Amino acid sequence: MITKLFSSTVILGILASGIRLATPYLYAAIGETFGQRSGVLNLGVEGQMLLGAFAAFYVSWRTGNLWLGLLAAIIVGAVMGLAMAFVTVNLHAEQGISGIGFYLFGLGMSDLLFQKLVGTVKTIQGFPALHIPVLSDIPVLGEVFFSHNILVYGAYALVPIAWFVLNKTTLGLKIRSIGENPQAADSLGISVAAVRYYTIIQGGILSGIAGASLSIGLLNVFQQNMTSGLGFIAVALVYFGAWRPLGVLGGALLFSMVNAFQLWLQVLGVPIPSDLAVMLPYVLTILVLVAAASKVRAPSALAKPFEREA
Amino acid sequence: MRAWLDTLIDALLPLAATLLALLVGAVMLLFLKVNPVVAYKALLVGAFGSTNAIAETLVKATPLLLVGLGICISFQGNVINIGGEGQMIVGAILGTLVGLTLTDWPGWLVITLAMVAGFIGGAIWGGIPGVLKAYFGVNEILSTVMMNAIAVQLMNYLLRGPMIDPAQAAMASKIPQTARLPMDFRLPRLVPTRLHLGALIALILAFLVYIFLWRTVWGYRIRAVGKNPHASRYAGINVKRYVVLALLLSGAFAGLAGVIQVYGVNYRMITDGSSTGFTGGAGFNGIVAALFGNLHPIGTIPASILFGALLVGANKMQRVVQVPSALITALNGLVVVFVVSSEIWRRKRQRRRLSSDQSDAGGGEGEDAPVQESPADEPQPEVQG
């Protein structure tokens, strides 16, 4: 049994599904990275993902067009982000608690709409695996790295883009300075409000896509509370990745591999109760938070509302 | 006079937030082609329409109040405990184990021991994130959410395996639930409805928590740490210890809520397979109730009844106009968002009052501390030791 676990098919299987499963983490956590670098802690990610997942599923199911579904998820994410931005930037609401409010809203609302508009669990045909000429045909590697759908590739493409924007552009500089010292940035004429609106709405959009990547890319269904804590883990990954896109990538891969490993344990019938195996990623999150907390420093203005001196 | 008016406005703000949420809910209902007047009327009748309905409302309010009391303690200490669900579950697990093990002990003793066990279970599940926050700098919101997920899996594992009802284990269906507790172990009912002693216990505890927070040194220090950890440290308070205490107590009350659900309502521990199981989402909704009650134990009493009513009424609404009760989860989320958003007006008034108080003393507001509220009418820390 244990030897079977280390056979090449299983290891390749874990790698391939691990790479796939990292997708929602990547979208959500990269979005959250931008928000936190600008000093905003968005804990509503899970709710945004759920609504995005539902919107993508529902529109794809009704129209048969996956791209329209993805667009719907983007719009829903943007609207949720806009609301979050107004509450945190203009009303200076406590970010931790308002985020939980948005989470509950997304949780209830996606369930309500699902029950009213869809009713029973239905599967749809999600984004198909993209066949890349030559690369996909490489024997083992093609299977592991180049047999995924477009949303998976999009997530990985996002990492270098996010790194570039944060580190090499004026916008990135503004975001980082606002996260460290909004008073100073403000005195230099940077609009703290505008930049935070931008990062929060972008975070909402990416969370929406993260949800869509589940409902029309990986699982191709919608179910009540289908994210089951994934959005919160994504927030934790930002801490783990030390607020850097590359670190987030590492964290996302670590998590998805652990998840894939856990799923394969069940597939192979290893005698570990599945309920305990499912615990693994959550326990790992806590351990990872402990490890991350001791070695890196959060953006100074994180979760602090900005008020201009009179 | 001014202070009296301020208290009134403070109490009315959450009410306005709720009305606004209900208004948004009405718009959503219109989109779903449901008449909101009919829906809300069904909700009201379902919650208060008969003696039974009122009793059900109070039954639902009980875990909300208990969890809410814990939330009052932790949020007053500026520690955000989102782990009510997990703490309820672990409390219930330990409490149920007591009842299933000591089957031939007298009922009153077992119930008492079970409550103690639940209190301890919740305290452990809340204490772990407390220690992680105080000594390792781990964000407690994230750790408590993870602890929820772990507790749910633990419950699923135990109820499907070691703790499963032997009768279910023999059947093919294998519903994940424990055996039924003996009759003597049920919490006594107060009136010929499902209202049980737990409601009274929760009510008494609300007053005790008030006394704890405002009349004891420990409670005072928790609040001082919550208002201003730096000043508290200079005043000689061991800040870390009180962060742990706040989360530990917060979890303990949720654990108690879990036990009381088992011994007062279900008489066994059960998961319906959903992500929440037997808690009915009280671990989250208790946060809503506590915020609504301005994080004051006494204010949380009517707040719990209100949200208990929403939950009970939602079932009726589901039957009458076919609106899934998930609507209430969504509305609760909006209430949270609106209540924390309305804080800005409270802070503004507080600041105005403070600056008018201090104008003759010549004191300004000092350096900027946007999150920390000025400790308005509280005495300055004079803690010894």
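This report walks through a predicted model, from the contact between its two chains to a few individual residues. Local features need pLDDT of at least 70 and side-chain atom pairs count only at pLDDT 80 or more, while totals for chains, interfaces and linings use all residues. Residues are numbered from 1 along each chain as its sequence is written, and chains are lettered from A, with ligands numbered from 1, in the order in which they are written.

**Where the chains meet**

Let us start with the contact between the chains, which takes 46 residues from chain A and 41 residues from chain B. Two residues are in contact here if their C-beta atoms, placed from the backbone, lie within 7 Å. On the side of chain A that touches chain B, the elements giving two or more residues are α5 (95-118), α11 (230-240) and α13 (274-295) of chain A. The largest share, 16 residues, is that of α5(A). Helices (H or I, at least four residues) and strands (E, at least two) are DSSP runs, numbered from the N terminus. Sorted by class, this side of chain A has 28 nonpolar, 11 polar and seven charged residues. In that sorting, Ala, Val, Leu, Ile, Met, Phe, Trp, Tyr, Cys and Pro count as nonpolar, Asp, Glu, Lys and Arg as charged, and the others, Gly among them, as polar.

**α5(A) and its partner α3(A)**

Helix α5(A) also packs with α3 (residues 45-63) of chain A: their axes come within 7 Å and cross at roughly 20 degrees. Axes are lines fitted to C-alpha atoms, for helices over the stretch in contact, and angles run from 0 to 180 degrees between N-to-C directions. The two helices α3(A) and α5(A) are therefore roughly parallel (angles under 35 degrees; over 145 is roughly antiparallel, 65 to 115 roughly perpendicular and the rest oblique). Residues of α3(A) in this contact include A:Leu50, A:Leu51, A:Phe54 and A:Tyr58, and among those of α5(A) are A:Phe102, A:Phe105, A:Met109 and A:Leu113. By class, the contact of α3(A) with α5(A) has 13 nonpolar, four polar and one charged residues.

**Chain B as a whole**

Chain B has 14 helices and zero strands. Its radius of gyration, 22 Å, agrees with the value near 21 Å for a compact globule of 385 residues; the radius is taken over C-alpha atoms, and the globule rule is 2.2 Å times the number of residues to the power 0.38. Along the principal axes, the C-alpha atoms of chain B fill a box of roughly 75 × 55 × 35 Å. Of the contacts in chain B with a separation of 6 or more, 78% join residues 24 or more positions apart.

Buried residues make up 52% of the 385 residues in chain B. A residue is buried if 20 or more other C-beta atoms lie within 10 Å of its own, exposed if 12 or fewer, and partly exposed in between, with C-beta atoms placed from the backbone. In helix α12 (residues 282-292) of chain B, 11 of the 11 residues are buried, so α12(B) is largely enclosed by the rest of the structure. Just after α12(B), B:Asn294 takes a positive phi of about 55 degrees.

**Three residues and their surroundings**

| Residue | Place | C-beta neighbours within 10 Å | State |
|---|---|---|---|
| B:Tyr40 | α2 (residues 36-48) of chain B | 17 | partly exposed |
| A:Ala242 | loop between α11 and α12 (245-267) of chain A | 17 | partly exposed |
| A:Trp243 | loop between α11 and α12 of chain A | 23 | buried |

A:Ala242 has a positive phi of about 55 degrees although it is not a glycine. Phi of A:Trp243, also a residue other than glycine, is positive and near 60 degrees.
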